[in-house]
Amino acid sequence: MTDAKCILVIGGTGNQGGAAARELLSRGRDVRALVRSPDKPEAQALQKRGAVLVQGDMDDEASLHRAMTGVHGVFSVQALAYEPESLAAEVRQGKAVADAAKAAGVGHFVYSSAGGAERQTGIDHFESKAEIERHILALGLPATLLRPAFFMNNLLHYADAQGERLMSLPVKPDKPMQMIAADDIGFFAATAFDAPHTYIGRHLELAGDEITFPDVAEIYERVTGTPTRFEAQPIEERMFEWFAEAGYRADIPALRGLHPALMTFEEFLSRRLRAATV
């Protein structure tokens, strides 16, 4: 028997999966979280919030089938990959999760991909997600594809700077970057499960802000009080070429209409640094 409230979250101990699980729990959903190590602190924290931990692995087909027994929906995300071996593993795992969902008759499958994945970017870790997207669509799953832009969470790398904060990146100083907080990805995942008639079949690019990296440096200085400057580096890698040439295309005003609390980078940074001091 399928539990209409129950959602299986893949990657529940990560940024996106954790955000989706927390948001689903806050809305009264029953959440199962597929975890490799139930004793991991992140897994234990999720269990304390009310999630049911299911030990398993995306490379273990039997564990995927066990985890999906009786669930209504699945949130699927795979670890970020760069090298050929890890990219191949990402594709294999993403397809395995989709295949298991198809076999289980899952009512709603939400996959977190990447902004621009459908546009033949030539970026390896976007193309891997595009391959998984095509597989999901070929299976005919009742699916929602979320395509997040650049993660605000990535910029927390600079949070602990002492003295002067230097942001040295291979990007164009005058080219705005669309970006999204992981918590807001969780919001849209949960909203998709709450409104299947609206979201099944939709492919939604996600961003909450669009600013240049000199803007990011100014915000960091304003929020932290630490002198911060941006330094542009030569653009050599394909991903940064794509950022300079094309970039993400999320309709931020429309997204804010769906989610008025969608975070800007300044709101995100202020909240995260305030939470870290509590």
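What span should the 21 residues of helix 4 (residues 84-104) have, at 1.5 Å a residue? The model here is a predicted one, and in it the helix comes out just as the arithmetic says. The expected span is 30 Å, and the end C-alpha atoms sit 30 Å apart, so expectation and model agree. A good part of helix 4 is tucked away: its buried residues are L87, A89, E90, V91, Q93, G94, V97, A98, A100 and A101. Right after helix 4 comes G105, with a positive phi near 70 degrees.

Next, the strands. An open sheet is built from 3 strands in the order 7-9-11, with mixed pairing. Strand 7 (150-151) and strand 11 (209-211) take the edges; each has a single partner strand, so one side of each has no neighbour in the sheet. Strand 7 pairs with strand 9 (residues 177-180) in the parallel sense, over 2 bridges, and F150 stands opposite M179 of strand 9. Helix 8 (residues 213-224) lies across strand 7, strand 9 and strand 11, and runs at about 105 degrees to strand 11.

Strand 8 (residues 165-169) has a partner of its own in strand 12 (residues 228-232): the two run parallel and are joined by 5 bridges. In this pairing, R165 stands opposite T228 of strand 12. As for faces, in a regular strand the side chains alternate between the two sides of the sheet. Strand 8 has R165, M167 and L169 on its covered face, while L166 and S168 make up the uncovered one.

Then there are the charges. Side chains of opposite charge can pair when their charged atoms come close, and the structure holds 17 salt bridges. R147 takes part in two that deserve a closer look. This residue belongs to strand 6 (residues 143-148), and because its relative accessibility is 7%, under the 20% cut-off, R147 counts as buried. Beyond its neighbours within four places in sequence, R147 is in contact with S113, A114, G115, E118, E133, H203, L204, E205 and L206.

One salt bridge of R147 goes to E118, at 3.6 Å from N to O. That pair links distant parts of the chain, with R147 in strand 6 and E118 in the loop between strand 5 (108-112) and helix 5 (124-139), 29 residues apart. E118, for its part, is partly exposed, with a relative accessible area of 38%. The side chain of R147 also meets that of E133 in a salt bridge, this one at 2.7 Å from N to O. Here the link runs from helix 5, where E133 lies, to strand 6, and the two residues are 14 apart in sequence. Both E133 and R147 are buried.

What about E266 and R222? Their side chains meet in a salt bridge of 2.8 Å, N to O. E266 lies in helix 11 (residues 265-277) and R222 in helix 8, so the pair ties together parts that are 44 residues apart in sequence. With a relative accessibility of 28%, E266 counts as partly exposed. Finally, salt bridges that share partners join E118, R119, E133, R147 and E205 into one network.

Terms used:
Residues are numbered from 1 along each chain as its sequence is written. This is a predicted model: local features need pLDDT of at least 70, side-chain atom pairs count only at pLDDT 80 or more; totals for chains, interfaces and linings use all residues. Side-chain values use heavy atoms; hydrogens and water are left out. Two strands pair if DSSP finds at least two bridges between them. Helices (H or I, at least four residues) and strands (E, at least two) are DSSP runs, numbered from the N terminus. Contact means heavy atoms within 4.5 Å. Axes are lines fitted to C-alpha atoms, for helices over the stretch in contact, and angles run from 0 to 180 degrees between N-to-C directions. Buried means under 20% relative accessible area, exposed over 50%, partly exposed in between (1.4 Å probe, protein chains only). The expected span of a helix is 1.5 Å times one less than its number of residues. A salt bridge is a side-chain nitrogen of Lys or Arg within 4 Å of a carboxyl oxygen of Asp or Glu.
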